[in-house]
Amino acid sequence: MGLDAKAEREPEAIREFTRSMLKDLRALERIIDEGMIESGVRRIGMEQEMFLVDSGYRPAPVALEVLARLGEGGAYTTELARFNLEVNLAPLDLQADCFSQMENELSRHVEEVREAARKEGAEILLTGILPSLAKSDLSLENITPKDRYYALNESMTRLRGGPMQLQILGIDEVNIEHDSVMLEACNTSCQVHLQVAADEFARFHNAAQAVLGPVLAACTNSPLLFGRRLWYETRIALFQQSVDTRSALSHLRDQTPRVRFGDAWVKDSVLELFQEDIVRFRALMPMVPDKDPLAELDEGRIPELSALQLHNSTVYRWNRPCYGLSNGTPHLRIECRAIPAGPTIADEVANAALWIGAVIGIVNEFGDVTEYLEFDDAKANFLAAARRGLNAVLTWTNDDSVDATELVIERLIPIARAGLEEVGVSGGDIEKYLGVVRDRVDSGGTGAQWMLRSLQNMKDVGTRPERLAALAGAIAERQYSGKLGHEWKPAELAEAGGWRRNYLRVDQYMTTELFTVHEDELIDLVAFVMDKKNIRHVLVEDDDHQIVGLVSYRSLIRLLTRGQIGEPGITVPVKDVMVKDPITISPETPTTEAIELMHKHRCSVLPVVKGGKLVGTVGERDFMPIARHFLEEKLREE
């Protein structure tokens, strides 16, 4: 079947694709009923997503160039953004030293990508959300130029009916509007697969749901987005909102997000999840089918179920059901999508061992975990872990409330150990990888904690972009040091890569905490704002948050000398004083160009505008660190 980039606009294509999905579902039901799904085999797999960064630890959109160096096909593939790549590992039998094999194989692939990236002037980073990522990096200029990504963006925008609203509240807050699916590119994960038989799928999927909260608490690695401190695993909230196709409808109607934990335990079969997703979610990228799965079964062939698999790839359960073929034999897998990338490969394999071992161990110990844990508690555990990490209090079996740290060390790790022992994983692998989790949790040293502690240590030095670049630089250096994430020393400002790399573009250092007024406001309010916030310029917006003017300190001085501020009976509106239609720049503007504009137009501040909206300012004060760094560098040279 081939992708028609315009198919989602054609009603007939949607109807044909829906017919294909329903046929695939009937074919899968027949495959299961006739005992064709592979059983008696335990295999595991992994997909590694990663960021590409430049010398200043900012996103480097060179994925296609790196892939060209790696060669077509094989383990490497594109992601949504041109600064992301993915590595797919071959499946391994769950036995003996399989986790050591997984670590060695992943290390080999990552090193190959790293060598290819360096030839393109880039480096790779393993982290849930790149600390130095800026909103300006998420333009459609950085989308990977392939039909399926354009179709995905167009479909989601159409279904949503307009821009996406992102709002996440943590210590800080992010509240922005974005006009494309590119926010999804902020996230990279380490996705883990576990193959299960058809008749045991319900028990294993329910176990995967039960353990996902405490597992996530033990491996959080994404506390920052655009420099804001949000959830310990911000990916969870960000991903749900970034691919949300729900429009703003009446509060009387319930709608389900495409990214979801789920709403109930599986009762009998994997079919329940596929049926639920077909019922609830419209097709995003209809494709033209070229085979009839029921006819293939009649002819003795096993169908790929391509339509069902495509639709499944656009419904993002955190524990997602997967159908596939191995050497022509159909199988089922559970794909855990909640585990973040990084901080090191060994940490990721340890997280995989914990999740896989815990799923098997839960089934062995409890049989049907749904008799001991409410679904709502499992879901609440997952959200609490995403928000608070190891600081969360979770509900375990028989309504027992336990600190996440205690739950992981005292209960989950022993369950995981027993599960891995039962399937024949070597004692060396079990102790090595579960020991990594135990030491990390016991020390409180998750990747999220390391980032927050590093940022706190640097709070009085450098600019915020420099501190975020230092975090990214420290990750790039430490993830290859041989030390595990909980053994890392905090990042230091010197690791930002040098001041020249951090002042290349306006968005690296612009002021984003803005104080604006409406054009109809009293000019006295502008004077009050300037006095209280010690600023010399106030920007003026209209009702649509479009910038329409600027009031300078000098303008106020002139009004004061005329007695037009603070005098009884005198009410001067801002629009009568402001400079209308001021010179603006975009976040991507090079620093040299911004300086030249200020010199040419004799202005001391430039509003920064993206998509017609005000996003920041740059002024003389923002250039002072550049001048200081330059003079310090000259003095050292002398």
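Here is a friendly, point-by-point note on the structure above.

1. **Before you start.** This is a predicted model, in which local features need pLDDT of at least 70, side-chain atom pairs count only at pLDDT 80 or more, and totals for chains, interfaces and linings use all residues. Residues are numbered from 1 along each chain as its sequence is written, and side-chain values use heavy atoms, with hydrogens and water left out.

2. **Helix 1.** Helices (H or I, at least four residues) and strands (E, at least two) are DSSP runs, numbered from the N terminus. Helix 1 covers residues 11–33. The expected span of a helix is 1.5 Å times one less than its number of residues. For the 23 residues of helix 1 that gives 33 Å, and its end C-alpha atoms are indeed 33 Å apart. Its buried residues (buried is under 20% relative accessible area, exposed is over 50%, partly exposed is in between, with a 1.4 Å probe and protein chains only) include Phe-17, Met-21, Leu-25 and Leu-28. Ser-20 and Asp-24 are also among the buried residues of this helix. After helix 1 comes Gly-35, with a positive phi near 70°.

3. **Helix 10.** Now look at residues 345–366, which make up helix 10. From first C-alpha to last, its 22 residues reach 31 Å, close to the expected 32 Å. Helix 10 is mostly covered, with 20 of its 22 residues buried. Gly-367, just after the helix, takes a positive phi of about 70°. On the other side, Pro-343 sits in the loop between strand 16 (329–336) and helix 10. The peptide bond that joins Gly-342 and Pro-343 is cis, with omega about 0°.

4. **Unusual backbone angles.** Most residues other than glycine have a negative phi, and most peptide bonds are trans. Tyr-57 has a positive phi, near 65°, and is found in the loop between strand 2 (43–53) and helix 2 (63–70). Asn-398 also has a positive phi, near 60°, and its place is the loop between strand 17 (393–396) and strand 18 (400–403). Are these two residues buried or exposed? Tyr-57 counts as buried at 18% relative accessibility, whereas Asn-398 is exposed at 58%.

5. **An open sheet.** Strands of a sheet pair through backbone hydrogen bonds, either parallel or antiparallel. Here, two strands pair if DSSP finds at least two bridges between them. In the order 19-20-21-22, 4 strands form an open sheet with mixed pairing. Strand 19 (516–518) and strand 22 (579–580) stand at the edges with a single partner strand each, so one side of each has no neighbour in the sheet. Strand 19 runs parallel to strand 20 (residues 537–541), and 3 bridges join them. One bridge partner to find is Leu-539 in strand 20, which pairs with Thr-516.

6. **A hairpin.** Strand 23 and strand 24 form a hairpin with 2 residues between them, and Gly-611 in the turn has a positive phi of about 60°. The two strands run antiparallel and are joined by 6 bridges. Within the pair, Val-609 stands opposite Leu-614. Strand 23 (residues 605–610) is largely enclosed by the rest of the structure, because 5 of its 6 residues are buried.

7. **Cysteines.** How many disulfides does a search of the whole structure find? The count is 0, where a disulfide is a pair of cysteine sulfur atoms within 2.5 Å. Cys-98 is in no disulfide, and the nearest cysteine sulfur, that of Cys-190, is 14 Å away. For Cys-336, the closest cysteine sulfur is in Cys-219 at 7.8 Å, which is too far for a bond. Cys-98 is buried, with a relative accessible area of 0%, and Cys-336 is buried at 0% as well.

8. **Tyr-232.** This residue lies in the loop between strand 11 (228–229) and helix 6 (234–242). Tyr-232 is buried, with a relative accessible area of 13%. Although Tyr-232 and Asn-391 are 159 residues apart in sequence, their C-alpha atoms are 9.6 Å apart in space.
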